[in-house]
Amino acid sequence: MNPADEILDIVDENDEVVGQAPRGEATVRGLRHRVVFIEARDAEGRLFVHRRTATKLVFPSHYDMFVGGVVGAGESYDEAALREAEEELGVSGLPRPTPLFKFLYEDEGTGHSWWSYVYEVRCELPVRPQAEEVDLHAFLTDAELEDRLGDRPWVPDGLAAHHRLRRFRAGGGAGPAA
């Protein structure tokens with residue numbers, strides 16, 4: 001199926017379902033929907049970082065420190081987190097990702113808006129990233145990631161989630177990103 005044809009639940013400011021629409025329409029019209037961000041770390045604690053393919057509907061050829069994607073119509077955040085992590089990492093039998101927090105991502109410049117649930121998972125399996133989603137990848141330490149944040153295009157929603165995750169882990173909650 002063409003990703004643009006995938007049916008999504010459209011949600012309001014309280015994350016309540018108010019309708020459904022194809023993904024392509026939701027993107028073009030800026031309809032609020034649901035997404036998951038999964039921080040995947042290897043057995044050594046390094047973070048999976050990748051560049052999205054040029055064919056991605058949103059933020060093509062940008063770098064990301066999360067795997068994840070849209071939550072399909074009728075799918076739970078937890079179901080989507082496991083499905084997306086296994087698909088993008090190219091593994092099966094991954095442990096269920098641990099939910100951390102949820103926030104509303106809004107970008108007035110692009111009109112993008114989605115409820116975002118952030119998860120973490122340990123992936124000790126050899127990864128074979130999904131070629132349709134991931135152009136290149138590496139496992140980086142936190143310090144290596146921080147060194148690269150200013151020198152390449154990063155997905156803005158992933159950056160927002162990353163800043164909130166750092167604040168969350170520091171005990172400051174997951175409030176607005178700095």
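A residue is called buried here when its relative accessible area is under 20%. By that cut-off F103, with a relative accessible area of 4%, is buried. The structure described here is a predicted model, and F103 is a good place to start a tour of its interior.

F103 belongs to the largest nonpolar core, a set of 30 residues in which F37, M65, F103 and V118 touch the most other members. Several elements give two or more residues to this core: the strands β1 (7–11), β3, β4 (47–52), β7 and β8, together with helix α4. Strand β7 provides the largest share, four residues. V118 shows how such a core is knitted together from separate stretches of the chain. Setting aside residues up to four places away in sequence, V118 touches F37, F66, T98, P99, L100, F101, F103, A161 and L165. A second, separate core of 20 residues is also present, and V11, F48, A80 and Y119 are included in it.

Aromatic rings come next. The model contains nine aromatic pairs. In one of them, F101 and F103 have ring centres 6.3 Å apart and planes at 40°, a tilted arrangement. The partner of F103 is buried as well, because F101 has a relative accessible area of 7%, under the 20% cut-off. Y117 and Y119 form another tilted pair, with 5.1 Å between the ring centres and 40° between the planes. Here the two partners fall into separate classes: Y119 is buried at 0% relative accessible area, whereas Y117 is partly exposed at 22%. F101 and F103 also take part in a wider grouping, since one aromatic cluster is formed by F37, F66, F101, F103 and F168.

Rings can also have charged partners. The charged end of K102 is placed over the ring of W115, at 5.2 Å from the ring centre. In a second case, R152 lies over the face of Y63, and the distance to the ring centre is 5.0 Å.

Helix α4 deserves a closer look. The helix has 14 residues, which at 1.5 Å a residue should span 20 Å, and the C-alpha atoms at its two ends are indeed 20 Å apart, so expectation and model agree. Its buried residues are D157, G158, A160, A161, H162, R164 and L165. Among them, A161 and L165 have already appeared as contacts of V118. Taken together, the buried residues of α4 pack against four strands, β3, β5 (63–64), β7 (98–107) and β8 (112–122), and against helix α3 (142–148). Just after α4, G171 adopts a positive phi of about 90°.

Charged side chains supply another set of links. Side chains of opposite charge can pair when their charged atoms come close. The structure holds 18 such salt bridges. In one of these, E39 and R169 have their closest N and O atoms 2.8 Å apart. E39 lies in strand β3 (residues 33–41) and R169 in helix α4 (residues 156–169), so this salt bridge ties together parts of the chain that are 130 residues apart in sequence. The two partners differ in their surroundings: E39 counts as buried at 5% relative accessibility, while R169 counts as partly exposed at 42%. The link is also part of something wider, as E39, R41, E120, D142 and R169 are joined in a network of salt bridges.

Two further salt bridges likewise pair a buried acid with a partly exposed arginine. R46 and D42 meet at 2.6 Å, N to O; D42 is buried at 7% relative accessibility, and R46 is partly exposed at 28%. E75 and R83 meet at 2.8 Å. With 17% relative accessibility, E75 counts as buried, and R83, at 24%, is partly exposed.

A last stop is G24, located in helix α1 (residues 23–29). With a relative accessible area of 17%, G24 is buried. Apart from its neighbours within four places in sequence, G24 is in contact with A4 and L57. The C-alpha atoms of G24 and F59, which stand 35 residues apart along the chain, are separated by 14 Å.

Technical notes. Residues numbered from 1 in each chain as written. Predicted model: local features only at pLDDT ≥ 70, side-chain atom pairs only at ≥ 80, totals over all residues. Heavy atoms only, no water. Salt bridge = Lys/Arg side-chain N within 4 Å of Asp/Glu carboxyl O. Buried < 20%, exposed > 50% of the residue type's maximum accessible area, 1.4 Å probe, protein only. Expected span 1.5 Å × (residues − 1). Contact = heavy atoms within 4.5 Å. Core = buried A, V, L, I, M, F, W, Y, C linked by side-chain atoms within 4.5 Å. Phe/Tyr/Trp six-rings, centres within 6.5 Å; stacked < 30°, edge-to-face > 60°. Lys NZ or Arg CZ within 6 Å of the ring centre and 35° of its normal.
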